[in-house]
Amino acid sequence: MRISNRQLFWLVWMFELGINLLISLNFAITDAKQDVWISMMIAWLAAMLIAYLAFKVSRLFPGQTLLQFSISILGKWPGKLVGLLYLLQWHWVMGIILREQFSFIRLSMLQKTPDLVIAVSFLAIAVYAVRRGGIVGIGRFSELWGPVLLFVLVLTFALSMRNLNWGAMLPVYADTEALAILKGSLTPMSLLGEIAFITMLFAFLEEPDRNALRNVWLGVSIASLILAIGAVWVIMTFGPALSSKIQFPFFEMVKLVYLMEFIQNMDIFLVAIWLISVFIKLTVYLFIASYGTAQWIGKPASWRNCIWFAAAVTLAVCMAVVRLNPSSRMLLTEVWINYVLPIHFFAIPLLLLLVGIFRKNRKKG
């Protein structure tokens, strides 16, 4: 299984954009208000650093995934423990992605459809795609639909300009303090930081060289730019006070788009394309969780059989979260920002990089 650097770019871009566009804008605007664009810049820089760490540690052991080179660097049992931590993260986040996708569809379109029907339908399509196509199929799918999503978003921004109040972005760095701006960056940073998943994908690249890192950086940068523009457009449409109270502000903004009474209901097209972006994210996680589980138990050739286990855990987590109904902010703060962001995205990759470099240098010496 091999994907090209171009497919990697589109895959990264769609992976980074989907859920981020849905849930991060509200939280970022609540904290940073009209200075949210500064928060987005901070989040972008952090994601670029995470991508660099993931690339450097993956280059130490070419052809190996995170589950493999963590054992090569730390030894069998410490490496197995690191792998288990990431497997738990991936299975948990798939349930949260399914829950957020379910909540949005339930709120916007299918109010009377049973919870289980929506969740199982979306998950079943993801399972079929991963079993039949693997990472190659996901890469080709991203390459096909990525340009379509980009075109729809650019068109949406262009048609929204008539609704913008440019004065809503003023004053700059007056109503918010540096700490509030930094706090506003944590949600988009924690979601853009998921680019750490490339530690599982570099082993499947046709050319895992520095061009691969450039494509990853480009995908992260374009996703971050669209998030920043989306946040600014939302504030100039609704104002910072109202924007922070809307659950899905970007999609509410799109509902206001029209042109000469001819082009209306743009949200229908955007929702359809956005669901494809979320589908890409779920299938990528499903692939790396299944493949990683197979490697962790020592049977990498049977990774397709592990898809059923990953899908069952994902559905169980999703339905448990739906029943308990914790707020998205609580889940992001208590799990993703306080634990996953500092440990899984920064500390562990940095530890693996430093220990890996030390061991390689000692062998050469």
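This report describes two pockets and a nonpolar surface patch in a predicted model.

## The largest pocket

The largest pocket has a volume of about 280 Å³. Its lining is made up of 15 residues. Those that lie nearest the centre of this pocket are Arg99, Glu100, Gln247, Ser327 and Ser328.

Three elements give two or more residues each to this lining, namely α1 (5–32), α4 (76–108) and α12 (328–364). Of the elements, α4 gives the most, with four residues. By class, the lining of the largest pocket comprises six nonpolar, six polar and three charged residues.

## The second largest pocket

The second largest pocket holds about 170 Å³ of space. Among the residues that line this pocket are Phe104, Leu107, Ser108 and Met109, together with Phe248, Phe251, Glu252 and Lys255. The lining also includes Asp267, Ile268 and Val271.

At least two residues of this lining come from each of α4, α9 (249–254) and α10 (266–296). Seven of the lining residues are nonpolar, one is polar and three are charged. The element α4 thus contributes to the largest pocket and also to the second largest pocket.

## A nonpolar surface patch

Trp37, Met41, Leu170, Val172 and Tyr173 make a nonpolar patch of about 520 Å² on the surface. One of these residues, Val172, is located in the loop between α5 (115–160) and α6 (178–192).

Is Val172 buried, partly exposed or exposed? Val172 counts as partly exposed because its relative accessibility is 44%, and the partly exposed class lies between under 20% for buried and over 50% for exposed.

Conventions. Residues numbered from 1 in each chain as written. Predicted model: local features only at pLDDT ≥ 70, side-chain atom pairs only at ≥ 80, totals over all residues. Heavy atoms only, no water. 1 Å grid on protein atoms, 1.4 Å probe; cavity = no way out; pocket = protein on both sides within 12 Å on 5 of 7 lines; lining within 4 Å. Points joined across faces, edges and corners; volume = space filled by probe spheres on them. Nonpolar A, V, L, I, M, F, W, Y, C, P; charged D, E, K, R; others polar. Patch = residues over 30% accessible without salt bridge, like charges linked within 9 Å, V, L, I, M, F, W, Y side chains within 5 Å. Areas by Shrake-Rupley, 256 points an atom, 1.4 Å probe, with all protein chains shown as cover. Salt bridge = Lys/Arg side-chain N within 4 Å of Asp/Glu carboxyl O. Buried < 20%, exposed > 50% of the residue type's maximum accessible area, 1.4 Å probe, protein only.
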